[in-house]
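Student: Please take a close look at one part of this structure for me. I would like the contact between the chains, and then the sheet that can be described alongside it.

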Amino acid sequence: MEPISAKITICAKRIKEDGTIEDLGELLSSHLLDKEEQCQEL
Amino acid sequence: MSGTISSNTRSTIVNSLISLGSQYLAVGVGSGVASATDVALFSEVQTRISGTVAPTTTTTSGDTYQWVGLFTSTATQTLTNLGLFSTKGSPIQDTLSQQVNSNSQSFIIPISYYSWPSSYPFNIQVSTEVMQVVSGNGSTTLYVNRGVNGSTALSTIPASTPITQASGQLLAKSNFTGLSLNTGDQVQFYINIQLQ
């Protein structure tokens, strides 16, 4: 039986001094979804 | 066999989480693996920050609670864990002056006894264990109940281990590979909690 659960995903983007944004990607995921897709949606 | 939460129920639970109100991001620089029984971070730093919360969709409609906020680093540091708390106030933090020698030892000796509240009880995180402080001797020693909140009482806890007061309800906590930041760096955090 599949467990009933919640998954936490943390994505981060660094904002540089010149205003440009660096995508740091995922810091953590329980790997149940496509991680790159998850971050790109943000 | 297979079981699942229906999509409607996922959305209902997410909305219930949102109805809890504001959540504040806390970040930490200590080591450790996050556990469901935890009540505090590993070596929390800086002040907690506000963010926005909203339902979003990962797999089914409204199945995800999302917190978004902007963090500005006030030091050169490596973040290792974070959590969402119900209150903005920073916790009292200290370290053990003496090792804890057994899982039934009912007292701890902190470095800075007088930094701790004199009204009881309150909970503290010491490594992976949560203790309930029930009294103090007025100068050096805090008396504790061991292994509360479902945590496991540790047989030994070294001196210098951080002690962190529970400050607000902890909604979620995660540890991760270190995120190295310089003073002034700004990071937009996106924290998603998806019901499955």
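Tutor: What follows covers the chain contact, then one sheet. Keep in mind that this is a predicted model.

Start with the contact. Chain A gives 18 residues and chain B gives 23 residues. On the chain A side, two strands each supply at least two residues: strand S1 (6-15) and strand S2 (21-28). S1(A) holds the largest share, with 10 residues. By class, the side of chain A that touches chain B has 12 nonpolar residues, 4 charged and 2 polar.

S1(A) also pairs across the chains. Its partner is strand S13 of chain B, residues 186-195. The two strands are antiparallel, and 10 bridges join them. One residue pair can be picked out in the viewer: A:Ala12 has B:Phe189 in S13(B) as its bridge partner.

Now turn to the sheet in chain B. This open sheet has 6 strands, in the order S6-S11-S8-S9-S10-S7, with antiparallel pairing. Strands S6 (93-95) and S7 (107-108) of chain B stand at the edges. Each has a single partner strand, so one side of each is left without a neighbour in the sheet.

Look inside that order at S8 and S11 of chain B. Strand S8 covers residues 122-126, and strand S11 covers residues 162-165. They run antiparallel, joined by 3 bridges. For a residue to select here, take B:Val126, whose bridge partner in S11(B) is B:Ile163.

Notes. Residues are numbered from 1 along each chain as its sequence is written. Chains are lettered from A and ligands numbered from 1 in the order in which they are written. This is a predicted model: local features need pLDDT of at least 70, side-chain atom pairs count only at pLDDT 80 or more; totals for chains, interfaces and linings use all residues. Two strands pair if DSSP finds at least two bridges between them. Helices (H or I, at least four residues) and strands (E, at least two) are DSSP runs, numbered from the N terminus. Two residues are in contact if their C-beta atoms, placed from the backbone, lie within 7 Å. Ala, Val, Leu, Ile, Met, Phe, Trp, Tyr, Cys and Pro count as nonpolar, Asp, Glu, Lys and Arg as charged, and the others, Gly among them, as polar.
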